[in-house]
Amino acid sequence: MYKIFEVSREAAWAITNMFSQATAEQIHCIIYKHGLLKGLTHILTDFEDRLKQNALQAVRSVLETEVDNTEKESHVKEIKEAGLVEIIQNMAKDSDFSSNANLILDYFNIENPEEFEYKIETKKNQEDRERED
């Protein structure tokens, strides 16, 4: 049983790393050809906190990918259909996850995509300043 968990855990790391380092074209393939957004739901509910943080970052990567509005809307639809919004809403209540979770949830509460892009840039700038300190 332990080996099965370890293999699952390594697969979970591989999935989150794929999202975080992917180009827009690769993210499209990961979502639509391989259906790996569903894998993130499993990671966000069943693995340790560090992996959950990486899974949140993977969702953020999907939302921050520079694509046209039609593609962005398609990504959002897939995220909703995978059940990720509800999971992330629950995670936002936990202080360990609230920063990333709330940033992701902001996307689903904003009607104007440019407003979300501004929030993303503001958050990135804030994170960069915190790293410098």
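Guide: Start with one term: a residue is buried when its relative accessible area is under 20%, and exposed when that area is over 50%. Anything in between is partly exposed. Keep in mind that this is a predicted model.

Visitor: How many helices and strands does the secondary structure have?

Guide: Eight helices and zero strands. From the N terminus on, the elements run α-α-α-α-α-α-α-α.

Visitor: What share of the 133 residues is buried?

Guide: The buried share is 41%. Look at the contacts too. Take those between residues at least 6 apart in sequence: 63% of them join residues at least 24 apart.

Visitor: Now a single helix. Which residues of α2 are buried?

Guide: First the general idea. An α-helix has 3.6 residues a turn, so residues three or four places apart point the same way. Now the case here: Ile27, Ile30 and Ile31 are the buried residues of α2. Viewed down the helix axis, they lie within an arc of 95°, so they line one face of α2.

Visitor: Which residues are buried in α6?

Guide: Helix α6 covers residues 84-91, and its buried residues are Leu84, Val85, Ile87, Ile88 and Met91. Down the axis of α6, these fall within an arc of 165°, so they too line one face of their helix.

Visitor: What covers the buried residues of α6?

Guide: The cover includes α3, α4, α5 and α7, the last spanning residues 98-109.

Visitor: Back to α2. At what angle do α2 and α5 pack?

Guide: About 35°. Find α2 at residues 24-32 and α5 at residues 69-81; their axes are 11 Å apart. The crossing of α2 past α5 is left-handed.

Visitor: Which residues make the contact between α2 and α5?

Guide: From α2 come Ile27, His28, Ile31 and Tyr32. From α5 come Glu71, Ser74, His75 and Glu78. Sorted by class, the contact has three nonpolar, three polar and two charged residues. Two of the α2 residues, Ile27 and Ile31, are among those buried in that helix.

Visitor: Now a loop. Where is threonine 65, and is this residue buried or exposed?

Guide: Threonine 65 sits in the loop between α4 and α5. Its relative accessibility is 9%, so threonine 65 counts as buried. Set aside residues up to four places away in sequence, and threonine 65 touches Ala24, Ile27 and Lys72. Ile27 is also part of the contact of α2 with α5.

Visitor: Alanine 12 next. Which residues does alanine 12 touch?

Guide: Place this residue first: alanine 12 is in helix α1. At 3% relative accessibility, alanine 12 is buried. Its contacts are Ile43, Phe47 and Leu51, leaving out residues up to four places away in sequence. Take the pair with leucine 51. The two residues are 39 apart along the chain, and their C-alpha atoms are separated by 7.5 Å.

Visitor: On to charges. How many salt bridges does the structure hold?

Guide: The idea comes first: side chains of opposite charge can pair when their charged atoms come close. This structure holds four salt bridges.

Visitor: Which residues are linked in a network of salt bridges?

Guide: Arg9, Glu10 and Glu48. Take each pair in turn. Arginine 9 meets glutamate 10 at 4.0 Å, N to O. Arginine 9 also meets glutamate 48, at 2.9 Å, N to O. This second pair links distant parts of the chain, 39 residues apart. Arginine 9 is in helix α1 (residues 2-20), while glutamate 48 is in the loop between α3 (37-46) and α4 (49-64).

Visitor: What are the relative accessible areas in this network?

Guide: Arginine 9 has 21% and counts as partly exposed. Glutamate 10 is partly exposed at 46%. Glutamate 48 is partly exposed at 29%.

Visitor: Which residue forms a salt bridge with glutamate 81?

Guide: Lysine 77, with the closest N and O atoms 3.8 Å apart. Both residues are in helix α5, four residues apart, so about one helical turn separates them. Glutamate 81 is partly exposed at 48% relative accessibility. Lysine 77 is partly exposed as well, at 49%.

Technical notes: Residues are numbered from 1 along each chain as its sequence is written. This is a predicted model: local features need pLDDT of at least 70, side-chain atom pairs count only at pLDDT 80 or more; totals for chains, interfaces and linings use all residues. Side-chain values use heavy atoms; hydrogens and water are left out. Axes are lines fitted to C-alpha atoms, for helices over the stretch in contact, and angles run from 0 to 180 degrees between N-to-C directions. A crossing is left-handed if the near helix is turned anticlockwise from the far one by less than a right angle, and right-handed if clockwise. Contact means heavy atoms within 4.5 Å. Ala, Val, Leu, Ile, Met, Phe, Trp, Tyr, Cys and Pro count as nonpolar, Asp, Glu, Lys and Arg as charged, and the others, Gly among them, as polar. A salt bridge is a side-chain nitrogen of Lys or Arg within 4 Å of a carboxyl oxygen of Asp or Glu. Buried means under 20% relative accessible area, exposed over 50%, partly exposed in between (1.4 Å probe, protein chains only). The arc is that of the directions from the helix axis to the C-beta atoms.
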